[in-house]
Amino acid sequence: MRRRTFLLAGLGAGGALVFGWSLTPPRQRLHGRTRPLTEGGTIALNGWLMIAPDDTVTVVSPKAEMGQGIHTALAMLIAEELSCEWAKVRTVHSPIDRIYNNIAAIVDGLPIHSDLDDHLAVRGVRWLTAKMMREVGVMMTGGSSSVRDCWTIARQAGATAREALVLAASARSGVPVADCRVQSGVVICGRQRFRFGELVADAATQRPTEVRLKAPSEFQLIGKPMPRLDARDKARGTATFGIDVRPAGVRYAAVAMAPAADMKPVSFDEAAARARPGVLDVVPLAGSPFGDRPGVAVIADSWWRAKQALAAMPISWSPTAHTQLSDTTITAKLLTAVSREGGLPFRSVGEGREVLTGASRVLEATYEAPYLAHATMEPMNATVLVENKAVTVWTGTQVPGFARKAASTIAGVDEEQVTLHQQLLGGGFGRRLDVDYIAQATAVAKAMPGVPIQLIWSREDDFRHDFYRPAAVSHLRAAINGGALAGIVARSASQAPFREYSKRVGLVFTTAGPDRTTAEGTWDQPYEIPSLHVTHADVELPIPVGSWRSVGHSHQAFFYESFLDEIAAALKTDPLRFRLGLLERHTRAARVLRMAADRAGWSEAPGEAPDGQPIARGVALHFSFGTLVAHVAEVSISPAREIRVHRIVCAVDCGLVVNPDGAAQQVEGAILDGLGTALHGALRIEQGQVTTRNFDGSRPLRLPEVPRLEVHFVPSTDTPTGLGEPALPGVAPAVANAVFRLTGYRLRALPLRLPPEPI
Amino acid sequence: MNRMSRSTYTLQLNGESVSCTAEADMPLLWVLRDVLNRTGTRFGCGAGLCGACTVHVDGVPTRACVTPIQAVASQPITTIEGVDGRVATAVQDAWTKLNVAQCGYCQAGQVMSAIALLAKTPTPSDDDIDAAMQGNLCRCGAYPRIRAAIRTAAESLR
């Protein structure tokens with residue numbers, strides 16, 4: 001925002017195609033090597049937008065639409081600067097190209113405390129990392145990074161295209177550029193008016209040299225609640241997902257996968273499967289480093305017939321060495337790990353762990369969180385056609401580049417020989433950052449060259465073969481001196497999800513070193529605690545783990561924000577006042593916290609539930625993905641000792657809000673994801689195998705349980721920060737803190753369950 | 001082996017007679033999706049637990065994933081592709097106006113359940129809405145807007 005004018009010297013549409021890729025500066029994210037697909041006279045003015053002769057503006061989105069509304073938000077950024085007619089805007093997914101690499105997710109994911117953001121060395125490290133990521137980075141939708149990542153480049157793309165259209169209109173009309181103006185898809189040059197569609201062919205040859213971006217005060221679209229571009233198609237059921245593609249001659253595959261990490265099929269009765277109707281082939285699968293396990297697939301003319309044939313085929317599996325591994329023994333293992341000294345230090349300030357030695361009083365607590373499955377509503381699936389030296393993939397993925405790499409590796413062709421058709425995602429939540437199902441579908445399709453094969457997992461496959469949020473425990477100690485908090489020593493233990501993910505997909509620069517996602521949510525919070533010492537012990541276990549919406553924050557926020565509440569109670573301080581006292585220099589955080597408390601009526605009595613049971617409020621504040629979120633939850637306990645949540649008030653500071661309605665939708669969704677998993681989320685593991693099989697085993701939130709939600713955004717013109725995840729982590733502690741106020745009982749394990757008898 | 005033999009069924013689907021060949025126990029969901037290529041009805045759980053596959057059989061919301069084709073072969077079946085009329089329009093307009101959908105995968109099922117509710121109970125109470133919609137899961141958490149959209153649709157039908 002400091003520099004609203006940028007130069008594009010020597011970089012026309014033609015020039016960009018042959019431009020070398022040595023250390024490309026930000027503006028060179030405008031033009032890719034792969035041009036977006038165009039048809040019917042539609043012309044791409046850069047890698048981010050195309051215009052058709054009928055004035056249709058097609059926004060080219062490198063970000064996967066998985067429900068977060070990014071296609072609408074990205075279209076708003078581009079349309080704002082392009083000044084086109086909103087009704088003419090549509091969106092498509094982009095091809096794979098380096099210009100679409102995600103810079104923000106990596107740069108903002110560096111393990112640097114936000115207190116150091118303005119430090120010169122930190123800015124240098126971020127600048128260098130960004131430069132590197134433009135070269136070797138990853139095309140990725142995740143880490144609540146999409147708006148952050150596209151905020152500047154998308155507006156530059158719109159503004160540059162607008163300037164090209166103005167230059168074209170000026171050349172055609174003879175009216176000087178300074179006297180031309182753009183309004184709603186039309187360039188007005190004196191008395192002459194030219195529609196964008198009339199100008200686009202000429203505009204493609206223009207080379208704007210200087211382009212100015214609007215100041216926030218000039219925004220017409222950004223900051224206004226805009227309807228989602230996909231709302232009607234999704235209400236009518238006409239929006240199509242990966243599972244809905246039907247290339248000519250498509251056949252379907254069902255798969256049986258090794259139940260434990262070290263198992264593989266020893267033998268199977270192929271003839272039994274082949275005797276079933278519609279069966280075309282039986283394919284043994286070796287598994288791959290992308291995370292798909294060994295198994296057997298059946299191909300048939302419908303998925304149900306393939307699944308029936310699979311069920312009719314006895315498979316004998318090799319034994320597992322993990323017969324003693326269960327969710328209970330894993331928790332015990334994590335508790336042992338957390339009780340030992342050592343581990344990776346993430347932050348040590350003040351006296352560090354020495355603060356405990358001189359403390360007049362030490363508070364101590366151990367918290368636990370279970371594994372969680374993603375359970376996207378659309379089960380994992382991919383459709384793959386393997387031909388001689390060419391592979392075509394239709395799927396929904398958060399990482400198109402890794403998806404292409406998986407298909408090329410398994411099919412044994414060059415990456416350039418793989419064409420990926422990105423589809424809408426029926427939910428992501430981090431599950432579709434992995435490409436195991438794409439590797440597996442390619443392995444199956446290889447058995448029937450020339451035939452598109454749609455591999456679909458059953459819900460049981462989906463629950464049992466996920467890359468789960470790791471189970472985690474945390475041991476927290478607080479040093480109290482003279483009636484005040486002197487320091488916190490936190491030590492957690494879990495598997496390292498991002499490191500394990502990096503190994504699966506071959507993301508080399510994060511396969512070694514500390515995994516920041518393990519301890520994020522504790523060491524990186526804004527509280528001014530005189531001494532803080534945060535360590536994490538990595539534990540290796542044969543359960544696959546990955547990124548689950550908000551990753552480490554999802555459980556670390558529960559641990560930390562609950563423990564802060566314990567400290568407030570021990571000091572006999574109001575939990576809100578206690579937190580505000582730790583935020584004297586962090587005014588942005590204090591403002592969010594106050595906003596949630598004020599809107600919730602913190603100082604007033606919370607009243608009672610419809611059945612007369614008392615209601616209490618709990619509060620939590622959390623910082624993640626650059627965004628501050630405060631929750632106040634109103635909770636009562638039913639006579640059957642069930643936790644009931646009546647109302648959640650949420651305040652958010654995510655910088656400038658691009659689409660207030662879309663943003664509210666994300667916050668609502670994240671709150672309910674957080675609430676559902678806080679109340680019900682768990683995963684059963686026995687003998688090294690996940691035994692939770694379907695929605696009856698891991699109960700998601702249902703409509704009757706949904707509380708009243710109130711979402712408030714702090715008005716801001718700062719650069720936008722993350723939003724898809726930040727409203728999730730604080731829900732569990734806000735609810736648990738309310739339960740404590742009601743019952744005096746401190747819930748230290750997820751999911752939140754009260755013991756049967758009142759304490 | 002009788003279960004494996006295929007029969008030809010003439011379905012009353014979205015107001016048309018549609019012929020298909022399937023085993024008697026093949027679920028309606030897979031007849032729709034793989035035999036007839038009507039992909040608007042979605043596969044979510046295969047066990048009647050999530051509601052993504054909700055269709056109307058004689059106007060009654062029904063989970064297509066656990067409904068054998070044989071059981072519904074003679075009854076009128078309506079899928080998301082075939083809904084029309086005042087109630088359907090009111091529901092889909094409210095869904096659009098309130099930006100209900102996020103990923104949208106479950107929404108065809110949600111919309112089918114909502115249409116069935118309002119067709120039978122034009123002014124539903126909160127309890128009516130809870131009862132009619134509690135079998136439709138949404139992992140994106142569109143629930144508050146689903147509730148609001150049903151109220152908006154009911155209002156517009158008055």
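The following paragraphs lead through chain B as a whole, then its sheet, and then two regions of chain A, all in a model that is predicted.

Chain B contains 6 helices and 5 strands, and when these are read along the sequence they follow the pattern β-β-α-β-β-α-β-α-α-α-α. Its C-alpha atoms fill a box of roughly 50 × 30 × 25 Å, taken along the principal axes. For 158 residues, a compact globule would be expected to have a radius of gyration near 15 Å, and the 16 Å computed for chain B agrees with that. Two further totals describe the interior of this chain: buried residues make up 57% of the 158 residues, and, of the contacts with a separation of 6 or more, 61% are accounted for by residues 24 or more positions apart.

The strands of chain B can be followed through the sheet that they form. Strands of a sheet pair through backbone hydrogen bonds, either parallel or antiparallel. In chain B, an open sheet of 5 strands has the order β2-β1-β5-β3-β4, and its pairing is mixed. The edges are taken by β2 (16–23) and β4 (60–63) of chain B, each of which has a single partner strand, so that one side of each is left without a neighbour in the sheet. On average, and with direction ignored, neighbouring strands of this sheet are turned by 45° against each other. Within the sheet, strand β1 (residues 6–13) of chain B runs parallel to strand β5 (residues 76–78) of chain B, and 2 bridges join them; B:Leu13 has B:Ile77 in β5(B) as its bridge partner. Helix α4 (residues 107–120) of chain B lies across β3 (54–57) and β4 of chain B, and runs at about 35° to β3(B).

In chain A, a useful strand to begin with is β25. Strand β25 (residues 627–637) of chain A is mostly covered, with 11 of its 11 residues buried. The residues A:Thr627, A:Val629, A:His631, A:Ala633, A:Val635 and A:Ile637 point one way from β25(A), while A:Leu628, A:Ala630, A:Val632, A:Glu634 and A:Ser636 point the other way, and all are buried.

On one side in sequence, strand β24 (residues 616–624) of chain A runs antiparallel to β25(A) and is joined to it by 9 bridges, with A:Glu634 in β25(A) as the bridge partner of A:Arg617. The hairpin of β24(A) and β25(A) has 2 residues between the strands, and in it A:Phe625 takes a positive phi near 55°. Strand β26 (residues 643–653) of chain A also runs antiparallel to β25(A), and here 10 bridges join the two; the bridge partner of A:Ala630 in β26(A) is A:Ala651. The hairpin that β25(A) forms with β26(A) has 5 residues between the strands, and A:Arg641 in the turn has a positive phi of about 70°.

The last region is a helix pair. Two packed helices are described by the angle between their axes and the distance between the axes. Helix α16 (residues 553–570) of chain A packs with helix α20 (residues 731–743) of chain A at an angle of about 30°, with their axes 8 Å apart, and the crossing of α16(A) past α20(A) is right-handed. From α16(A) the contact is made by A:Ala557, A:Phe558, A:Glu561, A:Ser562 and A:Asp565, and from α20(A) by A:Ala732, A:Pro733, A:Ala736, A:Asn737 and A:Phe740. The residues of this contact divide into 6 nonpolar, 2 polar and 2 charged.

Notes: Residues are numbered from 1 along each chain as its sequence is written. Chains are lettered from A and ligands numbered from 1 in the order in which they are written. This is a predicted model: local features need pLDDT of at least 70, side-chain atom pairs count only at pLDDT 80 or more; totals for chains, interfaces and linings use all residues. Two strands pair if DSSP finds at least two bridges between them. Helices (H or I, at least four residues) and strands (E, at least two) are DSSP runs, numbered from the N terminus. Axes are lines fitted to C-alpha atoms, for helices over the stretch in contact, and angles run from 0 to 180 degrees between N-to-C directions. Two residues are in contact if their C-beta atoms, placed from the backbone, lie within 7 Å. The radius of gyration is taken over C-alpha atoms; the globule rule is 2.2 Å times the number of residues to the power 0.38. A residue is buried if 20 or more other C-beta atoms lie within 10 Å of its own, exposed if 12 or fewer, and partly exposed in between; C-beta atoms are placed from the backbone. A crossing is left-handed if the near helix is turned anticlockwise from the far one by less than a right angle, and right-handed if clockwise. Ala, Val, Leu, Ile, Met, Phe, Trp, Tyr, Cys and Pro count as nonpolar, Asp, Glu, Lys and Arg as charged, and the others, Gly among them, as polar.
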